[in-house]
Amino acid sequence: MVRTLEGKKILLGITGSIAAYKAVEILRELQRRGADVYTAVTPNTLEFVSEVVLRTLSGHSVYKEIVPKENPEIRHTSLASLVDLFIVAPATGNTIAKIACGIADNPVTASALAIGKGIICPAMNVKMYENPATVDNIELLRKRGYVIVDSDEGELACGVRGKGRLAKVETIVEAVEDYFIPKFLRGKKVVVTAGPTREYIDPVRFISNPSSGKMGYEIAKVARAAGASVTLISGKTCLDAPSGMNFIEVETVDEMRSAVIENIKGADVYISAAAIGDYRPVKRSESKIKKGAGRLVIEFERTPDILSEVAEGKLARFIVGFAAETDNLIENARKKLKSKKIDMVVANDVKGKVFGKDETECVIVGENFEEKVSGSKRKVALEILKLISQKL
Ligand SMILES: Cc1cc2nc3c(=O)[nH]c(=O)nc-3n(C[C@H](O)[C@H](O)[C@H](O)COP(=O)(O)O)c2cc1C
């Protein structure tokens with residue numbers, strides 16, 4: 001587990017929602033990433049989740065009364081200056097309304113008024129969620145600078161289907177990690193390609209590669225967190241489509257090329273992190289090729305070179321390519337930089353089984369710089385984007 005929240009103090013406000021038990025999971029995940037988590041509750045919360053659980057797991061007293069009988073040092077104002085982030089998860093319709101109005105009648109709402117910013121994760125029945133009062137309150141909080149982690153659609157505790165479920169724990173934790181990323185790409189348009197391409201031999205067989213898409217997805221997500229407007233064009237992967245960006249799924253190189261050309265207009269940065277196939281079968285059989293006794297010979301041709309097309313047409317201000325190499329990493333990266341006339345190459349040594357892993361090791365090569373980066377793909381994504389923003 002990468003300790004992305006090391007040294008951060010977080011106040012987790014929990015309210016009287018059936019999803020309150022998930023706050024315990026959120027607390028644990030934040031701690032696993034290195035955060036020190038404090039909890040604040042409304043008078044209703046402890047009907048849904050036990051104080052003993054919150055106190056034991058957080059290692060701190062639960063802030064449960066405006067005037068605490070024990071630990072009088074815990075107050076909304078002292079917590080406001082102590083913590084780096086305030087998050088309400090789950091946030092009931094009632095608490096959201098109170099925060100929007102500036103009511104401060106319990107530890108969660110008083111903390112909100114004292115801190116005035118943070119992350120709100122709504123959770124409620126679909127009728128409550130779609131009520132114009134809630135819609136307006138959430139919009140008001142968004143306008144005031146709160147980050148809203150939108151509810152998911154699905155089966156709700158009351159048995160109906162609809163929007164209102166608390167977002168997934170991973171999504172909430174990712175929003176917390178994103179909160180701490182400086183907004184160095186605000187106003188910039190970034191287009192990223194990720195994942196493998198597939199070239200079909202017949203309707204049931206294709207040639208592809210083991211790219212998981214993780215590196216490109218991390219770049220797209222970190223760019224979003226850094227304030228960019230992001231388009232992610234991805235081959236088929238097992239990863240969830242990230243929210244808050246223009247996500248386009250493709251299969252073949254031709255589809256990827258069309259999506260790039262259609263979406264690149266006005267881009268500040270183009271990052272080609274996809275493992276785009278260099279060859280495809282000359283002929284795609286319309287029906288399944290029957291198994292025979294002898295060998296099967298397939299003739300391949302080159303696929304269109306999307307990166308070169310983007311570079312030659314200067315379709316983005318800053319163009320970054322990835323190079324998966326098994327030998328002479330830096331030398332080959334420099335060759336690619338020159339031959340493709342691009343601004344930066346991120347070279348991976350794929351002998352070290354980088355495909356599908358959460359960690360990577362690479363060298364970022366530009367005309368007059370060279371930087372080694374290693375660690376989680378998220379950390380590497382941040383380093384790559386910081387370097388790009390300096391060179392832009
Ligand atoms: C079993 C049960 C589950 C509830 N779940 C939710 C919920 O998920 N979201 C919500 O907004 N209200 C929910 N409520 C209603 C809130 O508990 C109620 O509005 C309460 O006033 C919220 O108080 P608080 O925001 O101060 O915690 C639920 C009530 C009950 C009895």
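Here a trainee and a mentor talk through a predicted model and the reasons behind the words used for it.

Trainee: Let's start with the whole chain. How many helices and strands does the chain have?

Mentor: There are 13 helices and 19 strands. The C-alpha atoms fill a box of roughly 80 × 50 × 35 Å along the principal axes, and 43% of the 392 residues count as buried.

Trainee: Which domains does the domain assignment give?

Mentor: Domain 1 covers 9-179 and domain 2 covers 189-391. Taken over C-alpha atoms, the centres of domain 1 and domain 2 are 38 Å apart.

Trainee: Okay, on to domain 1. What makes helix 1 and helix 2 roughly parallel?

Mentor: Look at the angle: helix 1 (residues 21-32) and helix 2 (residues 51-58) pack at about 5 degrees, and their axes are 11 Å apart. Angles under 35 degrees count as roughly parallel, so helix 1 and helix 2 get that name.

Trainee: Which residues make that contact?

Mentor: Helix 1 brings Val 24, Leu 27 and Arg 28, while helix 2 brings Val 53, Leu 57 and Ser 58. Sorted by class, the contact has four nonpolar, one polar and one charged residues.

Trainee: Now the sheet with strand 1. In what order do its five strands come?

Mentor: The order is 2-1-3-4-5, in an open sheet with parallel pairing.

Trainee: What makes strand 2 and strand 5 the edge strands?

Mentor: Each of them pairs on one side only.

Trainee: And how do you know that strand 1 and strand 2 pair?

Mentor: Count the bridges. Two strands pair if there are at least two bridges between them, and strand 1 (residues 9-14) has six with strand 2 (residues 36-41), in the parallel sense. At one spot, Leu 11 stands opposite Tyr 38 of strand 2. Strand 3 and strand 4 pass as well, with three bridges in the parallel sense; there, Ile 87 has Ile 119 of strand 4 as its bridge partner.

Trainee: Which strands does helix 5 touch?

Mentor: Helix 5 (residues 107-115) packs on the sheet and touches strand 1, strand 2 and strand 3, with its direction at about 120 degrees to that of strand 2.

Trainee: Why is strand 1 called mostly covered?

Mentor: Five of its six residues are buried. To be buried, a residue needs 20 or more other C-beta atoms within 10 Å of its own.

Trainee: Which residues of helix 8 are buried?

Mentor: In helix 8 (residues 169-179) they are Ile 172, Val 173, Glu 174, Ala 175 and Val 176. These buried residues pack against several elements, including strand 1, helix 1 and strand 3.

Trainee: Let's move to the other sheet. How many strands does the sheet with the order 12-11-8-13-16-17-18-19 have?

Mentor: Eight, forming an open sheet with mixed pairing.

Trainee: Why is one side of strand 12 and of strand 19 left without a neighbour in the sheet?

Mentor: Strand 12 (246-249) and strand 19 (369-376) stand at the edges with a single partner strand each, so one side of each has no neighbour there. From one strand to the next, the twist averages 15 degrees.

Trainee: How do you know that strand 8 and strand 13 pair?

Mentor: Same test: the cut-off is at least two bridges, and strand 8 (residues 189-194) and strand 13 (residues 267-272) have four, in the parallel sense. One bridge puts Thr 193 with Ser 272 of strand 13. Strand 16 and strand 17 also run parallel, joined by six bridges, and Ala 324 is the bridge partner of Asn 348 in strand 17.

Trainee: What lies across this sheet?

Mentor: Helix 9 (residues 214-225) lies across strand 8, strand 11, strand 13 and strand 18, at about 165 degrees to strand 8. Over 145 counts as roughly antiparallel, so helix 9 is roughly antiparallel to strand 8. Helix 12 (residues 329-340) lies across strands including strand 17, at about 150 degrees to strand 17.

Trainee: Last one: why is Asp 202 called partly exposed?

Mentor: Asp 202 has 16 other C-beta atoms within 10 Å. Buried takes 20 or more and exposed takes 12 or fewer, so Asp 202 falls in between and is partly exposed. Asp 202 is found in strand 9 (residues 199-202), and its contacts include Arg 284 and Lys 288.

How values were computed. Residues numbered from 1 in each chain as written. Predicted model: local features only at pLDDT ≥ 70, side-chain atom pairs only at ≥ 80, totals over all residues. Domains from an automatic or database assignment. Helix = DSSP H or I, 4+ residues; strand = E, 2+ residues; numbered from the N terminus. Axes fitted to C-alpha atoms, helices over the stretch in contact; angles between N-to-C directions. Contact = placed C-beta atoms within 7 Å. Parallel < 35°, antiparallel > 145°, perpendicular 65-115°, else oblique. Nonpolar A, V, L, I, M, F, W, Y, C, P; charged D, E, K, R; others polar. Lists of a residue's contacts leave out its neighbours within four places in sequence.
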